[in-house]
Amino acid sequence: SSNMENDVSFKFRQQLLLISENLVTEDVAALKFLCMDLLHLSKLEGVKSAADIFKLLMAQEYLNAEDTFLLAELLYRIKCHSLLEKLGYTKEKVQEHLHEKGRVSPYRQMLYELSENITSEMLKEIIFLLQDRLQKRWISPSALDLLTLLEKQGLLTKDNVQILEYVCETVSPDLLETIGCYKKAKVDGGFLFQLQAGLKYVVLEVVVLLSFKNVLFLTVGVGVFCPYHQLRLQSLAAESCLLHTDQNPDAKPFFCTFFFSFLQTISSYKMDGPHRGFCLIINNVNFNSSQRKGSCKDAEQLERVFTWLGLDVRTYTDQTSGDIIKLMQTWQRVQDHKDRNCFICCVLSHGKSGAVYGTDDKLVSIRVLMSHFTAKQCPQLATKPKLFFIQACQGNNIQRPVYVDADGPTPDSSSMEERVFLSESIPEEADFLLGMATVDGCVSFRHTEEGTWYIQALCSKLQLLVPRGEDILSILTQVNEDVAKRVSPSGTKKQMPQPAYTLRRKFIFPIPTAPPPS
């Protein structure tokens, strides 16, 4: 029995050591910060590695071989999801148990989320604003260090976040939403808030006072709630619409229309600026050993549709892997993004799992491509929606029928293809959407004259459904249905697109005044 216990303990420590070796300096700093309410600050200051933190948690009996949930929660919060499997967890399993077993306080979550959204430029501005309250010549290497210092000086506590509101209102008002989420959580009342790190929801706060016979009056304001209470709110409003309509039948349709149109407006991304945004189209046609016939048809159709939707479209043809990276770096630094509502990038090429090919037959990771536009890499697009549409195979294991080419290179049966899950391709932070022409490991089809199934369906559904006020996820669901119904000329090959997203709100294109281009 003693030997078995020793064996279990040894294997558990092996697991912890392996996890520690996979965490970089920034991850260790994040773990230290999230543990500040659990471990004494003086002990945390001596931490050099993740293993040091694990040792402290074990000493305080927060962590042992039988109960690893706290560590799973910490890895989840710092978005090291791939390490969860070493503890026998998945991201979904952690989410399921957070409500009952989570130990990281809403206050600590709120501060950490703020730090993740503070860019280096914002940090410099915040330090400038607080210079009189900071130690002389103190330079913060990170947002977490600044928040820790404010806590040490007593300027920031779980009951007093005024200093954060002051600097955020000046530097980036969007960050006030995160603080608003936390403050709502502390208020007892009919609508309680459950904080979820990384997510922000803005809905109507509606107070409806009902008598048994009449809807007496309604007050409307802006509030911040989690998805559960958003649904409760909508349900209450719908119920109030339907109660006792015999008393005032004319009021019901007006109230319903007003409430739900206003709800949609404030829970959607801002898209009413003078400039919609840039749309890049990378159209790779000519490769060393092949030609993607029909791709120009896709590029032309995309250009017409996104121009119609108000975007400034730029098309780049036959880009090598190096050209694609340079292009992303160039657009990453474009200052004009700050005056735009969104950013869209379409890539038409060959591909394989988690990547697309340049015309030099070298791969570019989709994650690397998208990561150029995170809030830290491209502050001008922070909090704004960034949409990527990838028309490329994600596998190459089937024969290509006549007139229908697979968007992937000629298969090499001797090589095993490494798979990349779609969730690993999209950046972890908010406000991204990745629309893939096909699921991982499969081909996508392209007619040599009419273009690809996916891009043609996408353009068709945008033209049909944008004028109806549909949001982008509803449109992509219709694209899935359209493509799924198609079959290759042989009648045996099918295709299913796949979207992934971290959007926080609905993305709805303003309805163009001009008719659709086709």
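These are my notebook entries on what I looked up in this structure, which is a predicted model.

**Entry 1: overview**

I started with the whole chain. The protein chain has 19 helices and 14 strands. Of its 518 residues, 48% are buried. I then checked how far contacts reach along the sequence: taking contacts between residues at least 6 apart, 72% join residues at least 24 apart.

**Entry 2: the nonpolar cores**

Next I went for the cores. In soluble globular proteins, nonpolar side chains tend to be buried together. The largest nonpolar core here holds 66 residues, and Leu23, Leu75 and Leu164 touch the most other members. Helix 5 (residues 69-77) gives the largest share of this core, with 7 residues. I looked at the domains too: domain 1 (1-104) and domain 2 (108-188) each supply at least three residues to this core.

What does Leu75 contact once its neighbours within four places in sequence are left aside? I get Ile19, Leu23, Cys80, His81, Leu83, Leu84 and Leu87. There is also a second, separate core of 37 residues, and I noted Ala299, Val305, Leu458 and Phe509 among its members.

**Entry 3: aromatic pairs**

I searched the whole structure for aromatic pairs and got 10. A pair of aromatic rings is described by the distance of the centres and the angle of the planes, and I noted both for two of the pairs.

Phe343 and Phe373 are stacked, at 4.5 Å centre to centre with 25 degrees between the planes. Phe343 sits in strand 5 (residues 340-348), while Phe373 is in the loop between helix 16 (366-371) and strand 9 (386-391), so this pair ties together parts that are 30 residues apart in sequence. I checked burial for both: Phe343 is buried at 0% relative accessible area, and Phe373 is buried at 0% as well.

Phe507 and Phe509 make an edge-to-face pair, 4.9 Å centre to centre and 90 degrees between the planes. Phe507 is buried with a relative accessible area of 1%, and Phe509 counts as buried at 3%. Which residues form an aromatic cluster with Phe507 and Phe509? Phe306 and Phe389 join them in one cluster. I had already met Phe509 in the second core.

**Entry 4: charges over rings**

I looked for charged ends sitting over aromatic rings and wrote down two. Lys93 has its charged end over the ring of Tyr89, 5.2 Å from the ring centre. Arg108 lies over the face of Phe33, with 4.8 Å to the ring centre.

**Entry 5: strand 3 and its partners**

Strands of a sheet pair through backbone hydrogen bonds, either parallel or antiparallel. I took strand 3 (residues 275-283) as a starting point: 8 of its 9 residues are buried, so the rest of the structure largely encloses it. Strand 3 runs parallel to strand 5, joined by 8 bridges, and parallel to strand 4 (residues 312-317), joined by 6 bridges. Asn283 turns up in both pairings: its bridge partner in strand 5 is Leu348, and Thr317 stands opposite Asn283 in strand 4. Strand 5 is also where I found Phe343 of the stacked pair.

**Entry 6: strand 11**

Is strand 11 (residues 432-436) enclosed or open to the outside? I count 5 of its 5 residues as buried, so it is largely enclosed by the rest of the structure. Phe432, Leu434 and Met436 point one way from the strand, Leu433 and Gly435 point the other way, and all are buried. Strand 9 runs parallel to strand 11, with 5 bridges between them. Phe388 stands opposite Leu434 of strand 11.

**Entry 7: a three-stranded sheet**

I also traced an open sheet of 3 strands, in the order 6-7-8 with antiparallel pairing. Its edge strands are strand 6 (351-352) and strand 8 (363-365), each pairing on one side only. Strand 7 (residues 355-357) pairs with strand 8 in the antiparallel sense over 3 bridges. One of the residues I checked there was Ala355, whose bridge partner in strand 8 is Ser365.

**Entry 8: Gln301**

Last, I picked out a polar side chain. Gln301 lies in helix 14 (residues 295-308). Buried or exposed? Gln301 has a relative accessible area of 9%, so it falls under the 20% cut-off and is buried. Not counting residues up to four places away in sequence, Gln301 touches Gln456, Cys459, Gln463 and Ser518.

Methods
Residues numbered from 1 in each chain as written. Predicted model: local features only at pLDDT ≥ 70, side-chain atom pairs only at ≥ 80, totals over all residues. Heavy atoms only, no water. Core = buried A, V, L, I, M, F, W, Y, C linked by side-chain atoms within 4.5 Å. Buried < 20%, exposed > 50% of the residue type's maximum accessible area, 1.4 Å probe, protein only. Helix = DSSP H or I, 4+ residues; strand = E, 2+ residues; numbered from the N terminus. Domains from an automatic or database assignment. Contact = heavy atoms within 4.5 Å. Phe/Tyr/Trp six-rings, centres within 6.5 Å; stacked < 30°, edge-to-face > 60°. Lys NZ or Arg CZ within 6 Å of the ring centre and 35° of its normal. Pairing = 2+ DSSP bridges.
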